[in-house]
Amino acid sequence: MPNCTSCGTVNPDGSKFCASCGKPIPQEQPAPTCSKCGTQNPQGGKFCKNCGNSLQPTAPPPPPDSRSTSGTAVLDDKTSTLLKKLLWGGATIFAVSALLGFVAINTLQSMFGMYANTELLWIMVVADLGLCGYALFAAAQLAKGQTNNARISYMLMLGFGVIGALLNFYSGQSLSAIMSLLLLFVGFRGYQILTKEKQLQAM
């Protein structure tokens, strides 16, 4: 039975306050039990007397940081879906541009035969196909939270969109110029969304 430390009155077991003076009665702490071997240890012990395991409670691990680090970001489903659609749209534009390049090469070869100068067109076709594949790869990485490849892909769309629009308008190729403008819009929109998300998660 616990004794009151103030007046010395003996109180029933489990009492939290003294029945005589009303002062709180110190509660006896349960003997610490080793989480490894289950041995009960005396009060104040820091290590188990049986196995040496620490008796101190371990702090829970800190929650994961949701901010963007090392090219990763936690994106909500709506934003992630929109960014992937923009990458797929850019990949489609690159594929169509490559197809237009093939058509132009065939047209020149049918008109001029072996004298057709198609080296530059072939370079552009290969570049379009490579950028198409990279945009699809960036979309797949975006599903894993990796945003670096998506950001680079959008920047490439911006660059090739500006250059393609200027060259195609100058040469009078209206369809190719429109495709370049679409590519420019997709790249700008995707880069804008990623930049906004990075700023929000950095707060």
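## Helix α1 and its span

In this predicted model, helix α1 runs over residues 77–112, and its 36 residues should span 52 Å at 1.5 Å a residue, which agrees with the 52 Å between its end C-alpha atoms. Just after α1 comes Gly113, which takes a positive phi of about 65°.

Two residues of helix α1 show what kind of surroundings this helix has. Thr79, which has its place in α1, counts as buried because its relative accessibility is 11%, and buried means under 20%. Once its neighbours within four places in sequence are left aside, Thr79 is in contact with Ile193 and Glu197, and both of these partners are listed among the buried residues of α4. Ala98 also belongs to helix α1, and with a relative accessibility of 1% Ala98 counts as buried.

## The overall fold

The protein has four helices and zero strands, so that reading along the sequence gives the pattern α-α-α-α. Of the 203 residues in the protein, 30% are buried. Among the contacts with a separation of 6 or more, 45% are accounted for by residues 24 or more positions apart. The protein exposes about 13400 Å², and carbon and sulfur atoms supply 63% of that area.

The segment before α1 contains Thr9, a residue that is partly exposed, with a relative accessible area of 24%. Thr9 and Cys21 are twelve residues apart along the chain, and their C-alpha atoms are separated by 8.5 Å.

## Helix α2 and its partners

Helix α2, residues 119–142, has 24 residues and reaches 35 Å from its first C-alpha to its last, close to the 34 Å expected at 1.5 Å a residue. Its buried residues are Val125, Asp128, Leu131, Cys132, Ala135, Ala138, Ala139, Gln141 and Leu142, and these buried residues pack against α1 and α3.

On the α1 side, which residues does Ala98 contact, leaving aside its neighbours within four places in sequence? The contacts of Ala98 are Val125, Asp128 and Leu129; Val125 and Asp128 are among the buried residues of α2, whereas Leu129, also in helix α2, is partly exposed, with a relative accessible area of 45%. Ala98 and Leu129 are 31 residues apart in sequence, yet their C-alpha atoms are 6.3 Å apart in space.

## A nonpolar patch on the surface

Leu129 also takes part in a nonpolar surface patch of about 460 Å², which it makes together with Leu99, Phe102, Val103 and Trp122. The elements that give two or more residues to this patch are α1 and α2, and the largest share, three residues, comes from α1. Leu129 can belong to such a patch because its relative accessible area of 45% meets the requirement of over 30%.

## Helix α3: Leu156 and Arg151

Helix α3 covers residues 148–171 and includes Leu156, which is partly exposed, with a relative accessible area of 28%. Not counting its neighbours within four places in sequence, Leu156 is in contact with Leu131 and Tyr134, and of these Leu131 is one of the buried residues of α2. Leu156 and Leu184 are 28 residues apart along the chain, and their C-alpha atoms are separated by 9.3 Å.

Arg151 is likewise found in helix α3, and it presents a charged residue that is buried yet has no salt bridge. How far away is the nearest side chain of opposite charge? That side chain belongs to Glu197 and is 9.7 Å away, so it falls outside the 4 Å limit that a salt bridge requires. When residues up to four places away in sequence are not counted, Arg151 touches Tyr191, Leu194, Thr195 and Lys198.

## Helix α4

Helix α4 takes in residues 174–201, and its 28 residues should span 40 Å at 1.5 Å a residue, which agrees with the 41 Å between its end C-alpha atoms. The buried residues of α4 are Ser176, Ala177, Met179, Ser180, Leu183, Val186, Gly187, Gly190, Ile193, Leu194, Glu197 and Gln201, and what covers them includes α1 and α3.

Individual contacts can be set beside this description. Thr79, in α1, touches Ile193 and Glu197, while Arg151, in α3, has Leu194 among its contacts.

Conventions:
Residues are numbered from 1 along each chain as its sequence is written. This is a predicted model: local features need pLDDT of at least 70, side-chain atom pairs count only at pLDDT 80 or more; totals for chains, interfaces and linings use all residues. Side-chain values use heavy atoms; hydrogens and water are left out. Patches are made of residues with over 30% relative accessible area and no salt bridge: like charges are joined within 9 Å, nonpolar side chains (Val, Leu, Ile, Met, Phe, Trp, Tyr) within 5 Å. Accessible areas come from the Shrake-Rupley method with a 1.4 Å probe; for residues, only the protein chains shown count as cover. Buried means under 20% relative accessible area, exposed over 50%, partly exposed in between (1.4 Å probe, protein chains only). Contact means heavy atoms within 4.5 Å. Lys and Arg count as positive and Asp and Glu as negative; His and the chain ends are not counted. The expected span of a helix is 1.5 Å times one less than its number of residues.
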